[in-house]
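Here's a quick tour of some empty spaces inside a protein, plus a look at how a pair of helices packs. Have the structure open as you read.

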Amino acid sequence: MGEDDVYTKDGRVEPIAEDDDVYTKDGTVDYKGNPANKKVTGTWRACPFILGNECCERLAFYGMSSNLVYYFKYHLKQSSAKAAKSNSNWSGTCYLTPLLGAFLADAYLGRYKTIASFSIIYIIGMTLLTLSASIPGMKPTCVSKDDCYANSGQTAACFIALYLIALGTGGIKPCVSSYGADQFDDDDVVEKKHKGSFFNWFYFSINVGALIASSVLVWVQMNEGWSWGFGIPAVAMAIAVVSFFSGTRLYRNQKPGGSPLTRIIQVLVASVRKYKVIVPEDKSLLYEIADAESVIKGSRKLDHTNEFRFFDKAAVEEPTDHIKDSIDPWRLATVTQVEELKSIIRLLPVWVTGIIFAAVYNQMSNFFVLQGTLMDLHVGKSSFEIPAASLSVFDPLSVIIWVPIYDQFIVPFARKFTGHRNGLTTLQRMGIGLFISIFSMVCAAILELIRLRSVKENNYYDWEHMPMSVFWQSPQYFLIGAAEVFTFIGQLDFFYDQAPDAMRSLCSALALSTVALGNYFNSLLVTIVTNVTTKNNKPGWIPDNLNYGHLDYFFWMLAVLSVLNLGAFLLIAQWYTYKKAVGYIR
């Protein structure tokens, strides 16, 4: 099946007048609620405000979170394993709350209002976090720079602030990328081509913010203190909100289409009620309204597909499906509503394969940092030291290098051979990233193996920093960055493109939830590994002093899981059928 199949059918779509070329055909409206004029709204003229917002918001998020595991361990006095789990659980929540924000955006508020309202919660959380690290009585008590302790109230204040931020980011993460993509009309060939490029530059802007966060802000936290280290991200978030509102008049807005969960449940109920009904071979006999636009507000129709035929029973019309002059939605659904459910079911196996990749990605803010703290932090032979978390700068640097290479060279080159508008299909792109991620874990495992051998041979067990440069970590960060360009950007594009029109925020949140589950999966792995390997008073793989452990075993385990995950992904990609949109929206 072709990924670009968007077409019309005789008798189902009204002819388009020449005047209609002025307006978008995907149902978007301007800030006043009028049909969006192509010449004055959307496209790249609106995107700088969205990209600026994302850059500053990510600077705020990563500036606050990149070194958070260090703050937990040395300022809240948590053990290595507990600090890693606290960080994973919080990070996971940040990628799970988008399901709530996406539901509200698709069903009731629309993306613009959702981003605006949740930004306020985000800023409140950032402010409280800054106060919890600044005000005597609220901030942890420190005997020396890294010898601090926090009482239960101070710890609670920190975590309340962090989980307010997690809630706030839940309304922004799933909506901003989808909102940017909304600025390009799916039914305009030229604009749709630019949409794929938008996702590349969207991710580029994320990593510009992350680059500043993982270099400048981590240094500020380690040298100037956490009040500045959390305060600057709070200011960055305020700038992000200003950037977003500045583009209001230029944005195209997709109308909320009502509760997608209700529609899905209605199809399930109707299918079960008609479990004895035989589905006709002729798909034209299945129920669908005659208008060009579907029954779902702001959504194009979807053409029938042959998978999951059981749910087609919901679209088989019977006399009992009518209540007086109207249709009972709990007994009869349109083909488009049935195809909405099928689209979500087809996405789920692809979604599952993102969890292992997210667990690998999670190592950058957890065990890569803890591994780096035991190494030589000097830059060359100088006396200048960098924080271990600053090595994560090689991840955004890798992304910033690879995005232009992919967009300007790989896409045109691949297009010559594949004929695909984006060079590679989104599934091919994601698969390449999964393959690269395996080598990141292999690099981390080999480095730790060499480091531990050196510790054993030279008795460095109790050294604060062993004489091995932390810059040996750069390849593992760089490889994760390269993998992101293929997998994460491909995932953003895939889940937006394959989502039904009225469920795009929800499907973007579904993609983000793999990061949440990856974090929780990593936390679960740490718990299992710790419990199993510390029996009989053994130090285990992940003790407080990693010089006595075997963190390399943990990285090898993730490498093996990544290989198995790639195999599963390749099978799923062969099976997948791309959606086909029918018609347009006036």
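## The largest cavity

Let's start with helix α8, which gives the most to the lining of the largest cavity: five residues. Keep in mind that this is a predicted model. Helices α1, α3, α8, α11, α13 and α16 each chip in at least two residues to that lining.

So how big is the space? The largest cavity has a volume of about 340 Å³. Its lining has 26 residues, and Tyr62, Ser65, Tyr361, Met364 and Ser365 sit nearest the centre. Sorted by class, the lining has 14 nonpolar, ten polar and two charged residues.

## The second largest cavity

A search of the whole structure turns up eight cavities of 30 Å³ or more. The second largest has a volume of about 280 Å³. It is lined by 18 residues, with Tyr95, Tyr203, Ile206, Leu492 and Leu512 closest to its centre.

Here α1 supplies the largest share of the lining, four residues. Helices α1, α7, α8, α15 and α16 each give at least two. The lining splits into twelve nonpolar, two polar and four charged residues.

## Two helices side by side

Now find α15 (residues 474-497) and α16 (residues 504-533): their axes come within 8 Å and cross at roughly 150°. That angle makes α15 roughly antiparallel to α16. The crossing is right-handed.

Which residues meet? On the α15 side they are Phe488, Gln491, Phe495, Tyr496 and Asp497, and on the α16 side Arg504, Cys507, Leu510, Ala511, Thr514 and Val515. Together, the residues of this contact divide into seven nonpolar, two polar and two charged.

How values were computed:
Residues are numbered from 1 along each chain as its sequence is written. This is a predicted model: local features need pLDDT of at least 70, side-chain atom pairs count only at pLDDT 80 or more; totals for chains, interfaces and linings use all residues. Side-chain values use heavy atoms; hydrogens and water are left out. Axes are lines fitted to C-alpha atoms, for helices over the stretch in contact, and angles run from 0 to 180 degrees between N-to-C directions. Angles under 35 degrees count as roughly parallel, over 145 as roughly antiparallel, 65 to 115 as roughly perpendicular and the rest as oblique. A crossing is left-handed if the near helix is turned anticlockwise from the far one by less than a right angle, and right-handed if clockwise. Contact means heavy atoms within 4.5 Å. Ala, Val, Leu, Ile, Met, Phe, Trp, Tyr, Cys and Pro count as nonpolar, Asp, Glu, Lys and Arg as charged, and the others, Gly among them, as polar. On a 1 Å grid over the protein atoms alone, a cavity is a set of points where a 1.4 Å probe fits but cannot get out, and a pocket is an open set with protein on both sides within 12 Å along at least five of seven lines; lining residues have an atom within 4 Å of a point. Grid points are joined across faces, edges and corners, and a volume is the space filled by probe spheres set on the points.
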